[in-house]
Amino acid sequence: MRNKKRKGLYLILVIFLAFFLSLSAYYLYTPIDLTNYKNLLLPEIEKAAHLNIELEGLVLTILPYPRLSFRGLTIKEGGYAVFKAESIKASLALIPLIVHKEFEVKNLVITGTDVFVKREADGGLNIIRILKETYIPVSIKKVRIKTGKAHWTDEFLQGGIKYEAVNIDATLIPKGADDFSYYGTAKLLPSTRIKFS
């Protein structure tokens, strides 16, 4: 009699454990839509970055590894767009996130990018200045740009010059705010295909 009660208790324990594990796995593998909470998150990021940020969608996936997916991201400085992207997918390293509470982005894939680079009258680049002035504790190991577009305005030269490159397919490996290695291809308008590194 005692063995039957013990077997019944073990069976209930196993069923409860299997139910708990399957429920946990479901929620850990299911993407979590954080779009409704962007108004709580964005003001803190804007305050730290000294930039205006617009975002259409934000999704977090926890397993098999943490990933953030952004949709419709626009970053503005002084009312002018500096960066736009249709989608961004960031793969986060789990150990630094748990142990040190640091965001280490292993791989950042940006699709449908528009970057507005301006060489200002003092000879400095707006993008480099923004990266140096901004403090967001994020380490990025690799950036992949697909179907990008770069708009270059040169206010340093008298009269100003504008260039545009489209169909940018590039990989950047950052070493600091103004130090990174890069390679890729682009099409300099009207129709010259270029490789860069």
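# Reading salt bridges, a pocket and a surface patch

Modeller: Start with one contact: Glu155 and Lys118 form a salt bridge, with their closest N and O atoms 4.0 Å apart. This pair joins distant parts of the chain, since Glu155 sits in the loop between E8 and E9 and Lys118 in strand E6, 37 residues apart. Keep in mind that the model is predicted.

Biologist: What is the general idea behind such a contact, and how many salt bridges does the structure hold?

Modeller: Side chains of opposite charge can pair when their charged atoms come close. Here, the structure holds four salt bridges.

Biologist: Are Glu155 and Lys118 buried or exposed?

Modeller: Neither label fits. Glu155 has a relative accessible area of 41%, so it is partly exposed. Lys118 is partly exposed too, at 30%.

Biologist: Which side chain meets Arg119 in a salt bridge?

Modeller: That of Asp154, with 2.8 Å from N to O. Arg119 belongs to strand E6 and Asp154 to strand E8, so this pair ties together parts that are 35 residues apart in sequence.

Biologist: Why is Asp154 called buried, and what does Arg119 count as?

Modeller: Read the relative accessible area. Asp154 is buried because its value is 5%, and buried means under 20%. Arg119 counts as partly exposed, with 22% relative accessibility.

Biologist: Which residue forms a salt bridge with Lys76?

Modeller: Glu54 does, and the closest N and O atoms are 3.1 Å apart. Lys76 is in strand E4 (residues 67-77) and Glu54 in strand E2 (residues 52-54), so the bridge ties together parts that are 22 residues apart in sequence. Lys76 is partly exposed, at 23% relative accessible area. Glu54 is partly exposed as well, at 41%.

Biologist: Now pockets. How much space lies in the second largest pocket?

Modeller: First, the idea. Rolling a probe the size of a water molecule over the atoms shows where empty space is left. In this model, the second largest pocket holds about 240 Å³ of space. It is lined by 15 residues, and those closest to its centre are Ala81, Phe116, Lys118, Asn126 and Thr153.

Biologist: Which elements give two or more residues to that lining?

Modeller: Four strands and one helix: strand E5 (80-92), strand E6 (103-119), helix H4 (126-133), strand E8 (143-154) and strand E9 (161-176). Sorted by class, the lining has seven nonpolar, five charged and three polar residues. Lys118 appears again, as one of the residues closest to the pocket centre and as the salt-bridge partner of Glu155.

Biologist: Which residues make the nonpolar surface patch?

Modeller: Phe16, Leu17, Phe20 and Leu21 make a patch of about 440 Å². Take Phe16 as the example. Phe16 is in helix H1 (residues 2-29). Phe16 has a relative accessible area of 56%, so it is exposed; the exposed class begins over 50%.

Biologist: Where is Tyr80 found, and is Tyr80 buried or exposed?

Modeller: Tyr80 is in strand E5. Tyr80 is exposed, at 62% relative accessible area. Look along the chain as well as through space: Tyr80 and Asn52 are 28 residues apart along the chain, while their C-alpha atoms are separated by 9.4 Å.

Biologist: How do I read Ile32 in that way, against Leu68?

Modeller: Compare sequence with space. Ile32 and Leu68 are 36 residues apart in sequence and 9.6 Å apart from C-alpha to C-alpha. Ile32 lies in strand E1 (residues 32-33). Ile32 counts as partly exposed, with 33% relative accessibility.

Methods. Residues numbered from 1 in each chain as written. Predicted model: local features only at pLDDT ≥ 70, side-chain atom pairs only at ≥ 80, totals over all residues. Heavy atoms only, no water. 1 Å grid on protein atoms, 1.4 Å probe; cavity = no way out; pocket = protein on both sides within 12 Å on 5 of 7 lines; lining within 4 Å. Points joined across faces, edges and corners; volume = space filled by probe spheres on them. Nonpolar A, V, L, I, M, F, W, Y, C, P; charged D, E, K, R; others polar. Buried < 20%, exposed > 50% of the residue type's maximum accessible area, 1.4 Å probe, protein only. Patch = residues over 30% accessible without salt bridge, like charges linked within 9 Å, V, L, I, M, F, W, Y side chains within 5 Å. Areas by Shrake-Rupley, 256 points an atom, 1.4 Å probe, with all protein chains shown as cover.
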